[in-house]
Amino acid sequence: NVVLMVIICVPLALYIFVYLTKILPQPLVGHDALNYGIMGRILFEEKSLAPIWVTDFAKSGYIYSALHAPSFSLLLTWEELINSTLHVKSDLYFKSIGAYYALLIVAVQFYWVSKQNKWLAMVAVFALLSGVAFFVKLFSPHIDTYRIFFFIMSLIYLAYAVKEPDYLSIILFGIFSGFAAFSHRMG
(Lines give C-alpha, C1' and ligand atoms only; values in the text may rest on other atoms or scores of the structure.)
Protein backbone atom coordinates (compact mmCIF):
# COMPACT_ATOMS: atom_id res chain seq x y z
CA ASN A 1 0.00 0.00 0.00
CA VAL A 2 2.91 2.39 0.63
CA VAL A 3 4.25 1.76 -2.87
CA LEU A 4 0.81 2.42 -4.32
CA MET A 5 0.53 5.70 -2.38
CA VAL A 6 3.95 6.81 -3.66
CA ILE A 7 2.96 5.89 -7.22
CA ILE A 8 -0.15 8.04 -6.83
CA CYS A 9 1.18 10.96 -4.76
CA VAL A 10 4.46 11.70 -6.55
CA PRO A 11 2.96 12.17 -10.06
CA LEU A 12 -0.03 14.03 -8.58
CA ALA A 13 2.24 16.42 -6.67
CA LEU A 14 4.39 16.96 -9.77
CA TYR A 15 1.27 17.60 -11.88
CA ILE A 16 -0.12 20.10 -9.36
CA PHE A 17 3.23 21.91 -9.19
CA VAL A 18 3.52 22.15 -13.00
CA TYR A 19 -0.13 23.14 -13.33
CA LEU A 20 0.07 25.91 -10.73
CA THR A 21 3.41 27.32 -11.86
CA LYS A 22 3.38 26.86 -15.65
CA ILE A 23 -0.15 26.24 -16.93
CA LEU A 24 -2.49 28.32 -14.76
CA PRO A 25 -0.63 31.64 -15.23
CA GLN A 26 -1.04 31.42 -19.04
CA PRO A 27 -3.82 33.44 -20.69
CA LEU A 28 -7.15 31.79 -21.48
CA VAL A 29 -6.88 30.13 -24.90
CA GLY A 30 -8.86 27.65 -26.96
CA HIS A 31 -12.11 27.87 -28.86
CA ASP A 32 -14.47 26.55 -26.18
CA ALA A 33 -12.76 28.26 -23.27
CA LEU A 34 -12.81 31.62 -25.01
CA ASN A 35 -16.42 31.29 -26.19
CA TYR A 36 -17.71 30.31 -22.77
CA GLY A 37 -15.41 32.74 -21.00
CA ILE A 38 -16.48 35.71 -23.11
CA MET A 39 -20.13 34.79 -22.57
CA GLY A 40 -19.50 34.47 -18.83
CA ARG A 41 -18.07 38.00 -18.76
CA ILE A 42 -20.99 39.33 -20.84
CA LEU A 43 -23.47 37.70 -18.44
CA PHE A 44 -21.63 39.32 -15.54
CA GLU A 45 -21.71 42.75 -17.18
CA GLU A 46 -25.36 42.46 -18.25
CA LYS A 47 -26.53 40.79 -15.01
CA SER A 48 -28.96 38.82 -17.18
CA LEU A 49 -29.21 35.52 -19.07
CA ALA A 50 -30.75 37.30 -22.07
CA PRO A 51 -27.47 37.55 -24.06
CA ILE A 52 -27.37 33.75 -24.38
CA TRP A 53 -30.50 33.70 -26.52
CA VAL A 54 -29.73 36.76 -28.66
CA THR A 55 -30.10 36.06 -32.38
CA ASP A 56 -29.54 39.61 -33.63
CA PHE A 57 -25.86 40.36 -33.03
CA ALA A 58 -25.86 43.86 -34.56
CA LYS A 59 -26.05 45.60 -31.17
CA SER A 60 -23.17 43.84 -29.41
CA GLY A 61 -21.12 42.63 -32.37
CA TYR A 62 -20.37 39.39 -30.52
CA ILE A 63 -21.65 36.23 -32.18
CA TYR A 64 -22.26 33.46 -29.65
CA SER A 65 -23.02 30.45 -31.77
CA ALA A 66 -22.74 27.73 -29.14
CA LEU A 67 -26.34 27.91 -27.92
CA HIS A 68 -25.56 25.48 -25.11
CA ALA A 69 -26.99 25.57 -21.63
CA PRO A 70 -25.24 28.35 -19.72
CA SER A 71 -23.84 26.56 -16.67
CA PHE A 72 -20.19 26.58 -17.76
CA SER A 73 -20.32 30.28 -18.70
CA LEU A 74 -22.08 31.02 -15.43
CA LEU A 75 -19.10 29.61 -13.53
CA LEU A 76 -17.02 32.52 -14.83
CA THR A 77 -19.92 34.89 -14.10
CA TRP A 78 -19.93 33.58 -10.52
CA GLU A 79 -16.16 34.05 -10.29
CA GLU A 80 -16.50 37.60 -11.63
CA LEU A 81 -19.21 38.38 -9.04
CA ILE A 82 -17.00 37.15 -6.20
CA ASN A 83 -13.94 38.92 -7.62
CA SER A 84 -15.83 42.22 -7.92
CA THR A 85 -16.90 41.92 -4.28
CA LEU A 86 -13.31 41.22 -3.18
CA HIS A 87 -11.82 43.74 -5.66
CA VAL A 88 -9.73 41.02 -7.32
CA LYS A 89 -9.00 40.59 -11.04
CA SER A 90 -8.58 36.90 -11.84
CA ASP A 91 -9.93 33.99 -13.86
CA LEU A 92 -7.92 31.25 -12.14
CA TYR A 93 -11.04 29.40 -10.99
CA PHE A 94 -12.52 29.31 -14.50
CA LYS A 95 -9.22 28.23 -16.04
CA SER A 96 -8.84 25.40 -13.54
CA ILE A 97 -12.30 23.82 -13.93
CA GLY A 98 -11.25 21.46 -16.74
CA ALA A 99 -8.27 20.12 -14.81
CA TYR A 100 -10.30 19.74 -11.62
CA TYR A 101 -12.98 17.65 -13.33
CA ALA A 102 -10.31 15.62 -15.18
CA LEU A 103 -8.83 14.69 -11.81
CA LEU A 104 -12.31 13.81 -10.54
CA ILE A 105 -12.82 11.51 -13.54
CA VAL A 106 -9.49 9.81 -12.78
CA ALA A 107 -10.49 9.46 -9.11
CA VAL A 108 -13.91 7.98 -9.98
CA GLN A 109 -12.30 5.51 -12.37
CA PHE A 110 -9.68 4.54 -9.81
CA TYR A 111 -12.33 4.12 -7.11
CA TRP A 112 -14.54 1.82 -9.16
CA VAL A 113 -11.76 -0.31 -10.64
CA SER A 114 -9.96 -0.56 -7.27
CA LYS A 115 -12.99 -2.39 -5.91
CA GLN A 116 -11.71 -5.28 -8.04
CA ASN A 117 -7.98 -4.74 -7.67
CA LYS A 118 -5.86 -1.69 -6.76
CA TRP A 119 -3.12 -2.56 -9.27
CA LEU A 120 -5.70 -3.03 -12.00
CA ALA A 121 -6.99 0.42 -11.05
CA MET A 122 -3.49 1.82 -11.61
CA VAL A 123 -3.36 0.16 -15.04
CA ALA A 124 -6.81 1.64 -15.83
CA VAL A 125 -5.66 5.12 -14.80
CA PHE A 126 -2.51 4.75 -16.88
CA ALA A 127 -4.65 3.65 -19.85
CA LEU A 128 -6.91 6.69 -19.43
CA LEU A 129 -3.96 9.07 -19.11
CA SER A 130 -2.15 7.51 -22.06
CA GLY A 131 -4.90 8.69 -24.37
CA VAL A 132 -3.65 11.96 -25.87
CA ALA A 133 -7.12 13.54 -25.97
CA PHE A 134 -7.67 13.02 -22.24
CA PHE A 135 -4.08 13.84 -21.26
CA VAL A 136 -4.29 17.20 -23.02
CA LYS A 137 -7.46 17.97 -21.06
CA LEU A 138 -5.37 17.95 -17.87
CA PHE A 139 -3.49 21.02 -19.08
CA SER A 140 -5.96 23.19 -20.97
CA PRO A 141 -9.10 25.07 -19.99
CA HIS A 142 -12.21 23.55 -21.59
CA ILE A 143 -15.71 22.21 -20.94
CA ASP A 144 -15.22 18.57 -21.86
CA THR A 145 -14.23 17.06 -18.51
CA TYR A 146 -16.87 19.19 -16.75
CA ARG A 147 -19.73 17.79 -18.82
CA ILE A 148 -18.33 14.23 -19.02
CA PHE A 149 -17.91 14.01 -15.23
CA PHE A 150 -21.59 14.76 -14.66
CA PHE A 151 -22.58 12.30 -17.38
CA ILE A 152 -20.42 9.56 -15.82
CA MET A 153 -21.94 10.20 -12.40
CA SER A 154 -25.46 10.09 -13.84
CA LEU A 155 -24.68 6.69 -15.41
CA ILE A 156 -23.37 5.39 -12.08
CA TYR A 157 -26.52 6.45 -10.25
CA LEU A 158 -28.70 5.13 -13.06
CA ALA A 159 -27.05 1.74 -12.54
CA TYR A 160 -27.68 2.01 -8.79
CA ALA A 161 -31.32 2.98 -9.38
CA VAL A 162 -31.85 0.02 -11.71
CA LYS A 163 -30.00 -2.48 -9.51
CA GLU A 164 -31.55 -1.50 -6.18
CA PRO A 165 -34.28 1.14 -6.61
CA ASP A 166 -34.03 3.57 -3.73
CA TYR A 167 -34.90 7.23 -3.51
CA LEU A 168 -31.33 8.45 -3.00
CA SER A 169 -30.07 6.78 -6.19
CA ILE A 170 -33.00 8.12 -8.18
CA ILE A 171 -32.56 11.62 -6.77
CA LEU A 172 -28.79 11.61 -7.41
CA PHE A 173 -29.39 10.25 -10.91
CA GLY A 174 -31.73 13.18 -11.53
CA ILE A 175 -29.34 15.73 -10.06
CA PHE A 176 -26.30 14.55 -12.02
CA SER A 177 -28.36 14.15 -15.21
CA GLY A 178 -29.60 17.70 -14.73
CA PHE A 179 -26.06 19.01 -14.27
CA ALA A 180 -24.95 17.09 -17.38
CA ALA A 181 -27.83 18.44 -19.45
CA PHE A 182 -27.33 21.99 -18.15
CA SER A 183 -23.64 21.97 -19.09
CA HIS A 184 -23.78 21.13 -22.79
CA ARG A 185 -26.07 19.94 -25.56
CA MET A 186 -24.30 16.58 -25.48
CA GLY A 187 -24.92 16.30 -21.72
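1. Lys47 sits in the loop that runs between helix 2 (31-46) and helix 3 (71-86). In this predicted model, the phi angle of Lys47 is near 55 degrees, a positive value in a residue other than glycine. Most residues other than glycine have a negative phi, and a reviewer may therefore wish to look at this position in the displayed model. Lys47 counts as exposed because its relative accessibility is 54%, and the cut-off for that class is over 50%.

2. A second positive phi occurs at His87, where the angle is near 60 degrees, again in a residue other than glycine. His87 belongs to the loop between helix 3 and helix 4. With a relative accessible area of 75%, His87 is likewise exposed.

3. Is Glu80, a residue of helix 3, buried or exposed? Its relative accessibility is 10%, and Glu80 therefore counts as buried, the limit for that class being under 20%. Once neighbours within four places in sequence are set aside, the residues in contact with Glu80 are Arg41, Phe44 and Ser90.

4. On the overall fold, the chain contains eight helices and zero strands. The order of elements along the sequence is accordingly written α-α-α-α-α-α-α-α. The C-alpha trace spans about 60 × 45 × 30 Å along its principal axes.

5. Of the 187 residues in the chain, 39% are buried. The area exposed by the chain is about 11400 Å², and carbon and sulfur atoms supply 72% of that area. As for contacts between residues at least 6 apart in sequence, 66% join residues that are at least 24 apart.

6. The largest nonpolar core comprises 35 residues, and Phe72, Tyr146 and Phe149 have the most contacts inside it. At least two residues of this core come from each of helix 1, helix 2, helix 3, helix 4, helix 5, helix 7 (144-163) and helix 8 (167-183). Helix 4 gives the most, with nine residues.

7. Phe149, one of the residues with the most contacts inside that core, merits a separate entry. Apart from neighbours within four places in sequence, Phe149 is in contact with Tyr101, Leu104, Ile105, Val108 and Phe176.

8. Which residues lie nearest the centre of the largest pocket? They are Pro11, Leu12, Val106, Val125 and Leu129, out of a lining of 18 residues. Two or more lining residues are given by each of helix 1 (2-23), helix 4 (92-114) and helix 5 (118-130). The largest share, seven residues, comes from helix 1.

9. The space in the largest pocket amounts to about 520 Å³. What is the make-up of its lining by class? The lining has 18 nonpolar residues, with no polar and no charged residues. Helix 4 thus appears in two of the points above: it is among the elements that give two or more residues to the pocket lining, and it gives the most to the largest nonpolar core.

Technical notes. Residues numbered from 1 in each chain as written. Predicted model: local features only at pLDDT ≥ 70, side-chain atom pairs only at ≥ 80, totals over all residues. Heavy atoms only, no water. 1 Å grid on protein atoms, 1.4 Å probe; cavity = no way out; pocket = protein on both sides within 12 Å on 5 of 7 lines; lining within 4 Å. Points joined across faces, edges and corners; volume = space filled by probe spheres on them. Helix = DSSP H or I, 4+ residues; strand = E, 2+ residues; numbered from the N terminus. Nonpolar A, V, L, I, M, F, W, Y, C, P; charged D, E, K, R; others polar. Buried < 20%, exposed > 50% of the residue type's maximum accessible area, 1.4 Å probe, protein only. Contact = heavy atoms within 4.5 Å. Core = buried A, V, L, I, M, F, W, Y, C linked by side-chain atoms within 4.5 Å. Areas by Shrake-Rupley, 256 points an atom, 1.4 Å probe, with all protein chains shown as cover.
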